[in-house]
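Biologist: I am new to this structure. Please take me through one part of it closely, then show how that part sits in the whole.

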Amino acid sequence: MPRAFFKSQFFKSQNHVLNHLAYLHAQSPLFSGTSNIPLETAQQMVSTFDKPCKWWFVFSLNRTDADRLQIDRGYFQQLLESQKGIWAKAYNIPPERLHIYASYHDLDHHPHVHVVLHGERPSDGFIHCPVGTELGEAFKHCRQTVKSAIANEIFRTDSENLKKDRSQQRQELNKELEKLLLEIGRSTHPVHPDIQVAIRQLSTQLATLPGKHVYGYLPADLKLQVDNLLEEVIKKDAQLAGMFETYKTTHRAMIDYLYVDSPITLDQKMADWENKFFHPLKGDDTRRHNIILQAAESYFIPEARASAGEQNKERSPLSPPCSTSSSEPTTPYHHKSSQAAIRSMLYSIARSLHQDMQHQTNQKITQVKSRLKKKRIHHQTIEERREQSHDR
């Protein structure tokens, strides 16, 4: 069950707003910011600005957390004032035109706060719905923004502790993964045979790939191979699997602090996170993937290159003999791929076009300056002649 509850919706009529304010005031006096506000004043403001859309939301806690964190009416008064800008942005109301009325209900089982807000102009209080997005999703995004802002502020200390634990667990997982992979090839370390075979296969493919072997620059098929290998390493090694489950549990608690409304949503977010953990996108954490690449380079790439060199000698018996002064295998030259050649050609064309456009622009600027200079000299000459004529 979520530790906090949040619900938001717009009012369908002006009378509904006035009646709702009267109901809230009967439960507990209204306040706006850090000050109390009479019911008549709040209703008068609502009647004055009758055109913009009016919104309400309720944020509820359980009694245990409210007592532990000392949440009361005064706390929500300060919180309401500090987050005014966030709520204004979420509901698309300029902060200087945002009006807020709230009421805190200190019930035994779930203390909660009711909030009513609106702007001053007809365009205030709308929900932006991007093209291709359903209106329900736009409403959900607005609710999640406000809910997360309130919850993150209330449970800031708890969240910071979880973040520290999660960061430490991630670092320990990375260190253990690096330690395991650096032991590959040593019979004293119980590395799963399938992992050794998979890394050897990866090394064979990397040996023929020019350039620096960094996950972000790999082809899509090799990225997928590294992703699957990482998942296999973590799930087949007992120690890594246990560390990953601990890390996963902590992250699940972190997501729970975002106060997901249903277990289904929480499970979906965890599934998305785990998929992102093993299949990162651009800008995501790829430290573990690069550790696998380093392991493949450290142990198997020299062997793979030597094997490739021997195969090339067998295929080309008429090739000139290589120097035997060094026992190290030579790395064969790799021609650019067709994609790399096309990229290079397009870059050269674009650079040439840019230089031509820059040259034409400079010529036009020079011509304009020249014409302006001629006009200025012409006007100065006319003025001088007028002055001479006037002196005579």
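Which residues of helix α4 (residues 73–82) are buried?

Modeller: A word on the ground rules comes before the helix. This is a predicted model, in which local features need pLDDT of at least 70 and side-chain atom pairs count only at pLDDT 80 or more, while totals for chains, interfaces and linings use all residues. Residues are numbered from 1 along each chain as its sequence is written, and side-chain values use heavy atoms, with hydrogens and water left out.

Now to α4. Its buried residues are Phe76, Gln77, Leu79 and Leu80. Buried means under 20% relative accessible area, exposed means over 50%, and partly exposed lies in between (1.4 Å probe, protein chains only). The helix itself is a DSSP run: helices are H or I over at least four residues, strands are E over at least two, and both are numbered from the N terminus.

Look at where α4 starts. There, a side-chain oxygen of Asp72 comes within 3.4 Å of the backbone nitrogen of Gly74. That is a polar contact (N or O atoms within 3.5 Å; within protein, one must be able to donate a hydrogen and the other to accept it, and residues adjacent in sequence count only if both atoms are side-chain atoms).

Step back into the loop between α3 (63–68) and α4, and you find Gln70. Gln70 is not a glycine, yet its phi is positive, about 60°. Gln70 is exposed, with a relative accessible area of 65%. Asp65, in helix α3, is buried, at a relative accessible area of 4%. Leaving aside residues up to four places away in sequence, Asp65 touches Arg3, Ile71 and Phe155. Contact here means heavy atoms within 4.5 Å.

Next, the partner of α4. Two packed helices are described by the angle between their axes and the distance between the axes. The axes of α4 and helix α6 (residues 135–154) come within 12 Å and cross at roughly 125°. Axes are lines fitted to C-alpha atoms, for helices over the stretch in contact, and angles run from 0 to 180 degrees between N-to-C directions. Therefore α4 and α6 are oblique to each other. The cut-offs are these: under 35 degrees is roughly parallel, over 145 roughly antiparallel, 65 to 115 roughly perpendicular, and the rest oblique.

The crossing of α4 past α6 is right-handed. In a right-handed crossing the near helix is turned clockwise from the far one by less than a right angle; anticlockwise makes it left-handed. On the α4 side, Tyr75, Phe76 and Leu79 make the contact; on the α6 side, Ile150, Glu153 and Ile154 do. By class, that contact has five nonpolar, no polar and one charged residues. Nonpolar covers Ala, Val, Leu, Ile, Met, Phe, Trp, Tyr, Cys and Pro; charged covers Asp, Glu, Lys and Arg; the others, Gly among them, are polar.

For a second helix pair, turn to helix α8 (residues 193–207) and helix α9 (residues 220–236). Their axes come within 10 Å and cross at roughly 160°. So α8 and α9 are roughly antiparallel to each other. Here the crossing is left-handed.

Finally, the whole. The protein chain holds 14 helices and six strands. Of its 392 residues, 35% count as buried. Among its contacts with a separation of 6 or more, 75% join residues 24 or more positions apart.
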